[in-house]
Amino acid sequence: MDDGLRVTDRLVVPAAELRERFSRSSGPGGQGVNTTDSRVELSFDLAGSPSVPESLRERALARLAGRLVDGVLTVAASEHRAQLANREAARERMAALLREAVAPPPKPRRPTRPSRGAKERRLAEKKRQSQRKRDRRVDGD
């Protein structure tokens, strides 16, 4: 847990830049639910991080704009009973979010046209279908 958060092969967020807050999980529980702080909030100051290269930071800030509060990305995990499992889940969720945010944009789609053969096959099938329906008519029209 003390090592950094591996986002990609080339990008690792140092553990010193991550902040963890613990609180009690909500929802139903047994005797331990009122005493254990198993919910984890993991925060990372994306806007002020020196470990993220400038180009990746700009891309991530643009893509995560709706999730950021003053440039800080926060992820919460409370689905497990154990705090350690929730810490691991929060770290995985944070890494997945950052990985998606710093990924290069997809290549632009090059518009294509159907080939002449494809057009001819489509028209031939339409003619066959229309002839089939014409042959089914009772009035012989």
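The following exchange concerns Ala101, the contact of helices α1 and α2, and the overall form of a predicted model.

Residues are numbered from 1 along each chain as its sequence is written, and side-chain values use heavy atoms, with hydrogens and water left out. Because the model is predicted, local features need pLDDT of at least 70 and side-chain atom pairs count only at pLDDT 80 or more, while totals for chains, interfaces and linings use all residues.

Biologist: Is Ala101 buried or exposed?

Modeller: Ala101 lies in helix α2, residues 83-102 (helices are DSSP runs of H or I, at least four residues, and strands runs of E, at least two, numbered from the N terminus). Buried means under 20% relative accessible area, exposed over 50%, and partly exposed in between, with a 1.4 Å probe and protein chains only. The relative accessible area of Ala101 is 3%, so this residue is buried.

Biologist: Which residues in α1 meet Glu100, Ala101 and Val102 in α2?

Modeller: Contact means heavy atoms within 4.5 Å. Not counting residues up to four places away in sequence, Ala101 touches Arg59, Ala60, Arg63 and Leu64. On the α1 side, the residues that meet Glu100, Ala101 and Val102 are Leu56, Arg59, Ala60 and Arg63.

Biologist: What is the radius of gyration of the protein?

Modeller: The protein has 3 helices and 5 strands, in the order β-β-β-β-α-β-α-α from the N terminus. The globule rule (2.2 Å times the number of residues to the power 0.38, with the radius taken over C-alpha atoms) gives 14 Å for 141 residues. The protein is more spread out than a compact globule, because its radius of gyration is well over that value, at 28 Å.
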